[in-house]
Structures are given as C-alpha cells and as structure tokens.
Amino acid sequence: MKIFIDTADINEIREIKDLGILDGVTTNPSLVKKTGRPWKEAVEEILKECAGLPVSVEVVATDTEGMVREARELARLGDNAVIKIPCTEAGIRAVKALSAEGIRTNVTLVFSPLQALVAAKVGATYVSPFIGRIDDIGYDGLAVLEEVISIYEVYGVETEIIAASIRHVDHVRRCAELGVDIATIPYKVIKQMFRHPLTDVGLERFLKDAQEAGIQI
Ligand code: E4P
C-alpha cells in the first residue's frame, strides 16, 4: 500500500519524506488554510519538495470550463501536480476533458461506489473515497471502500483508489488489509503507525538489562 500524507504543512511533509516512507501528498483548500500561508506559495513549495512524487492540488471552480482552466494552470506549476476535481457532473465532464489532454486527476469527495465508477469511466488517475466522513454520518466508510475495490477488480479498472479522510490507525490497518492502492494519512496518524506501548516497555527493559550486564558496544 502506498502512503500519501494528507497535509499542506511543509514541515510535516519533509519529516515523513525523510523517514523514507512517503509516496505522495494530498492537499485540499482546508488544509492549505490551516497552514496560514498564501495558497500559491504553499503549493509551489510542496511541489518542489516532492519532485517525482504525485501531489494533489484542488480546483475551486465549480463549472466544467472553470475547473478545466484552473486544472491547466495548476498542472503548469509542476509535472508532479495531480488535479483534484470534485465528484459532480461538472467535475466528471472536466475529468473527461483533462484525461484527453493527459492531465492527471484525483476525483475527490467520493462517497459511493457509483461515483467511483463514473470517475473511472472518464479516465480519472485516482479516485478518493472519504471513509472518515462516511463514518461521521453513521455509515460504514470502510464498507464503501471495500465495494469500490471489488467493483474496480471485477472490471480491471486502472484508476488507483486513494482511501481518504482517514482518522485513526485502525482505518489504516483495515485499508492495508483490504488491499487499497493508496491511503492518504494525516501526519499525526502516520506518526502513530510507528508506535506500540509494548515496544516502549520492551526497549526500556532491554536497556536496563544491558546496563546491568555491562553491555557496551
Ligand atoms: C484527501 O484527499 C481529503 O481531502 C482528506 O482526506 C479529507 O479529510 P477530512 O475528512 O479529515 O477533512
């Protein structure tokens, strides 16, 4: 499973990249707002820092023509830019046009397998089911993700699935179990993936015993 970080914070991106586990980045307008930085400056810095890795950047227009225009502009910012397009009728039309131009897209705000199906039909590079937000309204986000995975498998769809809106490590574990192509994970959750209380306790005991046994390497 590829690991993307779901953030627009350059320091978080750098830290996870340095750990050697980063395969890509996803941003959205809310994440950029959280950084408090000017939008273009933040996005350009991420694209540069992550040269060679896909970085999703979202359009803000809601009509097809506007989305296509914005997508072309964003694609010019870096050859690793992937354009996030919301899963609306206008968005699907935009993805169709952008696919024909060879511009990579990530269809976002996907909450049902049928939305994922139409996104694939028009050649989306990635599709992002939002599992946490589905859980938030009392449904099962992972069940929706599983349906998307099975439908894509049945038809041999090439669009890659990004499990998005991940809230905790158990989401990540289940995503890996389901064999999703990619999980885009917030910084805090990525950090928790390294930790286990038994590792801390075990290490403490080994170090104490090493000291008592006079082990020095
Ligand atoms: C990623 O592509 C999405 O924008 C993100 O995962 C949404 O997460 P949220 O539901 O926590 O805002």
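These legends accompany a set of close-up views of a predicted model.

**View 1. The whole chain, to get your bearings.** Before zooming in, it helps to see the fold as a unit: the chain has 11 helices and 8 strands. Its C-alpha trace spans about 70 × 40 × 30 Å along the principal axes. Of the 217 residues, 46% count as buried. The chain exposes about 11800 Å², and carbon and sulfur atoms supply 53% of that area. If you like contact maps, take the contacts with a separation of 6 or more: residues 24 or more positions apart account for 56% of them.

**View 2. The ligand and the residues around it.** Here the ligand is surrounded by Asp6, Thr26, Asn28, Lys84, Phe130, Arg133, Ala164, Ser165 and Arg167. Three side chains are worth picking out, each by the distance from one of its N or O atoms to an oxygen atom of the ligand. For aspartate 6 this distance is 2.6 Å, for asparagine 28 it is 2.7 Å, and for arginine 167 it is 2.8 Å. On its own the ligand has 350 Å² of accessible area, and the protein covers 85% of it.

**View 3. Arginine 167 and its partner aspartate 136.** Stay with arginine 167 for a moment, as its side chain also meets that of aspartate 136 in a salt bridge, 2.8 Å from N to O. The two residues are 31 positions apart and link distant parts of the chain: aspartate 136 sits in helix H7 (residues 131–136), while arginine 167 lies in the loop between strand S7 (160–163) and helix H9 (169–178). Aspartate 136 counts as exposed because its relative accessible area is 54%, whereas arginine 167, at 39%, is partly exposed.

**View 4. A network of salt bridges.** Side chains of opposite charge can pair when their charged atoms come close. The structure holds 15 salt bridges, and this view shows a network that links Arg14, Lys17, Arg37, Glu41, Glu45 and Glu49. Glutamate 49 and arginine 14 pair at 2.9 Å, N to O. That pair bridges helix H3 (residues 39–49), home of glutamate 49, and helix H1 (residues 10–18), home of arginine 14, across 35 residues of sequence. Arginine 37 forms a salt bridge with glutamate 45, with 2.6 Å between the closest N and O atoms. Arginine 14 is partly exposed at 31% relative accessible area, as is arginine 37 at 26% and glutamate 45 at 25%.

**View 5. Leucine 77 in its loop.** Leucine 77 belongs to the loop between helix H4 (64–75) and strand S4 (81–86). Setting aside residues up to four places away in sequence, leucine 77 touches Trp39, Lys40, Val43, Glu44 and Leu47. Glutamate 44 is 33 residues away in sequence, yet the C-alpha atoms of the pair are 6.7 Å apart. With 25% relative accessibility, leucine 77 is partly exposed.

**View 6. Glutamate 58, a buried acid.** Glutamate 58 is part of strand S3 (residues 55–58). It counts as buried because its relative accessibility is 15%, below the 20% limit. Beyond its neighbours within four places in sequence, glutamate 58 contacts Thr27, Asn28, Pro29, Leu74, Lys84 and Thr108.

**View 7. A nonpolar patch on the surface.** Leu19, Val169, Met193 and Phe194 make up this patch, which has about 340 Å² of accessible area in total. Methionine 193 lies in the loop between helix H10 (187–192) and helix H11 (197–212), and at 35% relative accessibility it is partly exposed.

Key:
Residues are numbered from 1 along each chain as its sequence is written. This is a predicted model: local features need pLDDT of at least 70, side-chain atom pairs count only at pLDDT 80 or more; totals for chains, interfaces and linings use all residues. Side-chain values use heavy atoms; hydrogens and water are left out. Patches are made of residues with over 30% relative accessible area and no salt bridge: like charges are joined within 9 Å, nonpolar side chains (Val, Leu, Ile, Met, Phe, Trp, Tyr) within 5 Å. Accessible areas come from the Shrake-Rupley method with a 1.4 Å probe; for residues, only the protein chains shown count as cover. A salt bridge is a side-chain nitrogen of Lys or Arg within 4 Å of a carboxyl oxygen of Asp or Glu. Helices (H or I, at least four residues) and strands (E, at least two) are DSSP runs, numbered from the N terminus. Buried means under 20% relative accessible area, exposed over 50%, partly exposed in between (1.4 Å probe, protein chains only). A residue is near a molecule or strand if one of its heavy atoms lies within 4 Å of it. A polar contact is a pair of N or O atoms within 3.5 Å; within protein, one must be able to donate a hydrogen and the other to accept it, and residues adjacent in sequence count only if both atoms are side-chain atoms. Contact means heavy atoms within 4.5 Å.
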